[in-house]
Amino acid sequence: MTDGHEVLRVIAERVKNGNRADGNRLALAIEGGGMRGTVSAGMALALHEAGVTGAFDAVYGASAGAITGAWLLSGTPEKLSGWAEPSYARAMIRLSNVWRGKPMVDVHHLVEHIYAEVENMDFAAILGNAIEYHPLATDCATGESTDLRPLLTGPAELRLALRASAALPLLAGPPVRLGGRRFYDAGLAESVPYRTALAQGATHVLVLRSRPPITAAAGPAAEPSWGARMIARTALRGHTPELHRSYLARALRLHEDEATLAEYDRSGAAVLSIRPPASAPVVGRLTKDGAVLLAALEAGRSAARTVFA
């Protein structure tokens, strides 16, 4: 239940008072997951429509969640609806790219062309926003989740950070270089970016989830999948043992996150998750079907609207 949750109380009081001067640090954490991020994008759009975005001190995003966070702070958050635009998905996800020597998921094209030249994402507005923007990625040397905010020295670096946060091994090509380091997708180390927010002093965190509730108990399901082991042997070959260990521990971390976030929800304090219902459409990382994407966006939007009704 969310009624009376401490996170919602802080948000409501800040919206009512019109300022954030209450001694708390309120963070928004946005989960990604490739095109599954359409769900959490719908939630972020609902937050904008409810007029509560200004209540947050910081926005943390992982992978597609980092892109959603950027749009939310860009000055044109209504363009979050673009997640359901199939032409963009088709332009970014192309199986034929493999035969042309390009990654199947072309995040470079998405960020450097569609966002920079077609949709005109205002990168300067994101960097200048009073709400801190924290895109996460996985450091290839250490395998650790890394906050890229200290490396955001200008629009070009911000675009690199967006690409780094969503640089899926194998699917999206090689890691992205930024600040003299190499980064892969944030999901290798922190799929749900609430841990970094808490570690950096957040007293309250609202988490926008792209996955419906998972009921399976930890155990065999928390072991690395066949696909994960294959990617570790191929796309991550030559990388550090630390990166391999971090990547192969993803499934276990997800189960731990499920248990931790569920307990936070029950306790009514510190962290609250908004999740799509179990009836929400199933969206994969590479989904391009416009009807499915629109239904996913609306499922996330409806879930957040219910919380802030």
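A crossover is right-handed if, with the strands pointing away from the viewer, the path from the first strand over the helix to the second runs clockwise. The model is predicted: local features need pLDDT of at least 70, side-chain atom pairs count only at pLDDT 80 or more, and totals for chains, interfaces and linings use all residues. Residues are numbered from 1 along each chain as its sequence is written, and side-chain values use heavy atoms, leaving out hydrogens and water.

**Exercise 1.** Work out which hand the unit of β1, α2 and β2 has.

Solution. Take the elements as DSSP runs, numbered from the N terminus (helices: H or I, at least four residues; strands: E, at least two). Helix α2 covers residues 37-50. With β1 and β2 it makes a right-handed β-α-β unit.

**Exercise 2.** Find the strands that pair with β1, and the partners of Ala 29.

Solution. Pairing requires at least two DSSP bridges between two strands. Start with β7 (residues 204-208): it pairs with β1 in the parallel sense over 5 bridges. Here Val 207 is the bridge partner of Ala 29. Next, β2 (residues 58-62) pairs with β1, again parallel, over 4 bridges. Tyr 60 of β2 stands opposite Ala 29.

**Exercise 3.** Decide whether β1 and Val 98 are buried or exposed.

Solution. Buried means under 20% relative accessible area, exposed over 50%, partly exposed in between (1.4 Å probe, protein chains only). In β1 (residues 26-30), 5 of 5 residues are buried. Leu 26, Leu 28 and Ile 30 point one way; Ala 27 and Ala 29 point the other way. Val 98 lies in the loop between α4 (86-92) and α5 (107-118). Its relative accessibility is 44%, so Val 98 counts as partly exposed.
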